[in-house]
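This report is written for a reader new to the structure shown here. Please look over the sequence and the model before reading on.

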Amino acid sequence: MDIPTQKILEELIGSRNMDIWNKLVSDIDGLYEMDRTWNKGFGDWIYEYKYRSGGKTLCTFYAKQGVANLLITLGKAEREKVESKREDFSESLLVLYDETKTYHDGKWLWIPIDESLEFDDIVKLLKIKRRPNRK
């Protein structure tokens, strides 16, 4: 799989979404030292960009024409932590969280990468999922 250039990705998802994508990647890279891999997306998704370490996925970016999402899967213990800290999250994230179906392996939060994104919410969720390993 060829790694898309910034230009190709920006043409795919749009410049505003690309700016948000880049800020998220920068924030995650500042907190975590992890393997990062590009893959072909599934279904309509063209690209997948995954953060993994020790066989566990932290989060995955997905991109298709005009759209980008961040997938964060929360298991039982992680959901309990989110539930105990609900007051720490934005109303928009809580609505998404509450409306997301819980499967046997957890909640799969498909978070749109657009102007509605609250960066603080993402950082808080990722810190619940895994303690940062960069200083």
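The text below takes up the sheet, the helices that pack around it, and the charged side chains.

**Sheet and helices**

The model is predicted. Its 6 strands form an open sheet in the order β1-β2-β3-β4-β6-β5, and the pairing is antiparallel. At the edges lie β1 (35-40) and β5 (102-103), each of which pairs on one side only. Strand β4, residues 67-74, runs antiparallel to strand β6, residues 106-112, and 6 bridges connect the two. Helix α1 (residues 6-13) packs on this sheet and touches β1, β2 (47-53), β3 (56-64) and β4. The direction of α1 makes about 65° with that of β3. Helix α5 (residues 119-129) also packs on the sheet, where it touches β3, β4 and β6. Its direction makes about 35° with that of β4.

Helix α5 has a helix partner too: α2 (residues 15-31) packs with α5 at an angle of about 35°, the axes being 11 Å apart. This crossing is right-handed. On the α2 side the contact is made by I20, K23, L24, D27, I28 and L31, and on the α5 side by F119, I122, V123, L126 and K127.

**Salt bridges**

There are 10 salt bridges in the structure. The table gives three of them.

| Pair | Closest N to O distance |
|---|---|
| E115 and R16 | 3.7 Å |
| D29 and R36 | 3.7 Å |
| K129 and E78 | 3.9 Å |

The salt bridge of E115 with R16 links distant parts of the chain, since E115 sits in the loop between β6 and α5 and R16 in helix α2, 99 residues apart. Both of these residues are exposed. In the pair of D29 and R36, D29 counts as partly exposed because its relative accessibility is 24%. R36 is likewise partly exposed, with a relative accessible area of 36%. The side chains of K129 and E78 meet in another salt bridge, which joins helix α5 to helix α3 across 51 residues. E78 has a relative accessible area of 16%, so this residue is buried. Salt bridges with shared partners also join E83, R86 and D98 into one network.

**A buried arginine**

R79 is part of helix α3 (residues 76-84). What is the nearest side chain of opposite charge to R79, and how far away is it? It is E83, at 6.6 Å; R79 is buried and has no salt bridge. Beyond its neighbours within four places in sequence, R79 is in contact with L74, Y97, T102, G106 and K107. Among these, L74 and K107 are bridge partners, with K107 in β6.

Conventions:
Residues numbered from 1 in each chain as written. Predicted model: local features only at pLDDT ≥ 70, side-chain atom pairs only at ≥ 80, totals over all residues. Heavy atoms only, no water. Pairing = 2+ DSSP bridges. Helix = DSSP H or I, 4+ residues; strand = E, 2+ residues; numbered from the N terminus. Contact = heavy atoms within 4.5 Å. Axes fitted to C-alpha atoms, helices over the stretch in contact; angles between N-to-C directions. Buried < 20%, exposed > 50% of the residue type's maximum accessible area, 1.4 Å probe, protein only. Lys, Arg positive; Asp, Glu negative; His and termini not counted. Salt bridge = Lys/Arg side-chain N within 4 Å of Asp/Glu carboxyl O. Left-handed = near helix turned anticlockwise from the far one by under 90°.
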